[in-house]
Amino acid sequence: MRQEGSAVRIGARSRIKSPWLFHLNTGSCNGCDIEIVASLAPRYDAERLGCVLVGSPRHADVILVTGPVTRQMLPRVIRVYEQLPEPKSLVAVGTCAASGAPFIGSGVIEGPLDGIIPVDAYVLGCPPRPEAIVRGIVTAVRRRFS
Amino acid sequence: MAALAALLASLPAAVFLSLLFEGIDRKLHARMQGRIGPPVTQPFYDFAKLLNKESVFPSSSSKAIFASAPVIAAASSILAGAIPLASLVAGTSVVGDLILILYLLTMSSIMVMIGGSSSGNPYGAIGFSRKMVMLIGYEVPLLASILPLSLKSQHSFSYHGIVQSQVGMGTCFAFAYPSSAFAAAAFLACIPAAAGVVPFDVPEAKTEIVHGYLVEYGGPHLALARLAKDAASFALSFLALTLFFYHPPLFEGHASLGGLASAILCVAFAPAMMFLTVTVPRTVFARLKVGQAFKFCWSLPLTLSALSVVLSAAGF
């Protein structure tokens with residue numbers, strides 16, 4: 001029993017220490033996308049927390065979703081979310097992904113995101129600051145993986 | 001018996017050192033870019049995390065090949081790193097000679113290629129064809145660059161024999177003969193391509209063909225495929241150090257501890273080799289196109305190794 005406990009602890013700790021990110025744009029204006037890149041660049045350097053931006057959803061642990069989820073993107077958001085191997089976590093980056101504003105009520109918007117797939121952390125801002133994005137990743141990872 | 005025990009002990013040591021070397025490489029890479037960078041232990045967290053994740057098999061993949069290829073790749077890379085280590089510790093030739101070590105490194109590349117092409121993903125297939133081109137590019141100069149060493153070591157391809165002939169000469173091969181100096185330069189110039197790091201990472205270009213042959217891998221299989229790559233760069237930097245830069249006054253002459261002391265010294269100096277051949281190129285250069293990468297391999301390293309073979313045949 002004790003052995004199993006320590007194995008589970010190592011698993012949880014390694015998941016918290018190594019969140020690999022997949023970035024999904026669901027109709028964002030590109031402002032949040034630039035800030036995500038800024039949070040990985042030398043000034044904020046999210047890699048010091050183990051965050052690496054990966055190209056394939058199969059490699060990722062955390063999806064960063066930007067944009068208000070347009071109608072075209074709805075099936076694709078669900079599909080990409082399902083392509084991540086378990087356990088996985090999701091961060092809604094920017095006001096659009098978090099609440100749909102200012103596009104809420106529009107006929108071409110299917111958001112906000114939390115009506116479609118489970119969201120672990122919301123990062124507000126238009127666009128959010130890089131340190132807020134790093135904080136959002138850390139919050140989501142702690143909530144979901146520990 | 002002692003040789004076998006040394007090999008068995010070297011296998012976990014090779015796994016540990018491969019991950020540690022990746023951590024050192026990532027830290028140095030980050031520092032050179034003005035970042036703080038991940039902790040040196042980061043690859044251990046990555047490895048443990050990936051082992052604990054779900055593995056997904058694409059419905060279009062051939063499952064048996066897709067699942068077994070990374071296992072064979074990791075096993076061959078780790079063995080390629082463990083054989084030189086065990087051979088230094090035991091002070092004798094272990095299992096096979098240099099040809100086997102280089103063959104195991106090629107095996108590891110071929111296995112991840114096959115795994116990628118069996119995934120059924122078009123990016124995996126592109127990764128396969130690009131890796132094939134790179135393999136043809138760097139294998140020829142890499143293999144040719146060890147020929148002069150064999151000629152200078154009583155026509156032996158034994159790894160231990162080559163290391164010992166440097167002890168016999170009292171100096172390392174990189175400074176002993178003109179031919180072996182050119183061979184060292186050719187070997188070092190091949191390492192970035194053989195390790196698949198940035199200027200030559202065309203087969204798994206992340207921003208271009210989404211990790212190429214690794215695209216469909218996730219969880220434990222990805223952990224093993226990445227370990228295969230780490231172990232290959234560990235094995236290559238360790239081989240470069242011991243084949244060409246095993247300077248006897250520095251690495252030999254600790255009679256009380258024997259082979260273990262020189263193995264530990266070599267492991268301590270191998271990160272310098274890796275820094276020179278893996279970290280610096282991947283920080284300084286941007287990714288080449290596949291044609292440019294192939295052209296590089298068949299111009300500079302191949303010229304150097306051809307020159308070294310001709311010089312050693314002429315007796316220099």
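## M113(B) and the packing of helices α3(B) and α4(B)

Setting aside residues within four places of it in sequence, M113(B) is in contact with F128(B), K131(B), M132(B) and Y213(B). The model described here is predicted. M113(B) belongs to helix α4 of chain B, which covers residues 98-117. M113(B) has 24 other C-beta atoms within 10 Å; a residue with 20 or more counts as buried, so M113(B) is buried. The C-alpha atom of M113(B) is separated by 8.5 Å from that of A69(B), although their positions lie 44 residues apart along the chain.

Helix α3 of chain B, residues 63-90, packs with α4(B); the axes are 8 Å apart and the angle is about 160°. Angles over 145 degrees count as roughly antiparallel, and therefore α3(B) and α4(B) are roughly antiparallel to each other. Their crossing is left-handed. On the α3(B) side, the residues that make the contact include I65(B), F66(B), A69(B) and P70(B). On the α4(B) side, they include I101(B), L104(B), L105(B) and M107(B).

Chains A and B also touch. Chain A gives 17 residues to this contact and chain B gives 27 residues. The table sets out the residue classes for the α3(B)–α4(B) contact and for the side of chain A that touches chain B.

| Set of residues | Nonpolar | Polar | Charged |
|---|---|---|---|
| Contact of α3(B) with α4(B) | 17 residues | four residues | no residues |
| Side of chain A that touches chain B | three residues | seven residues | seven residues |

The helix contact has no charged residues, while the chain A side has seven.

Terms used
Residues are numbered from 1 along each chain as its sequence is written. Chains are lettered from A and ligands numbered from 1 in the order in which they are written. This is a predicted model: local features need pLDDT of at least 70, side-chain atom pairs count only at pLDDT 80 or more; totals for chains, interfaces and linings use all residues. Helices (H or I, at least four residues) and strands (E, at least two) are DSSP runs, numbered from the N terminus. A residue is buried if 20 or more other C-beta atoms lie within 10 Å of its own, exposed if 12 or fewer, and partly exposed in between; C-beta atoms are placed from the backbone. Two residues are in contact if their C-beta atoms, placed from the backbone, lie within 7 Å. Axes are lines fitted to C-alpha atoms, for helices over the stretch in contact, and angles run from 0 to 180 degrees between N-to-C directions. Angles under 35 degrees count as roughly parallel, over 145 as roughly antiparallel, 65 to 115 as roughly perpendicular and the rest as oblique. A crossing is left-handed if the near helix is turned anticlockwise from the far one by less than a right angle, and right-handed if clockwise. Ala, Val, Leu, Ile, Met, Phe, Trp, Tyr, Cys and Pro count as nonpolar, Asp, Glu, Lys and Arg as charged, and the others, Gly among them, as polar.
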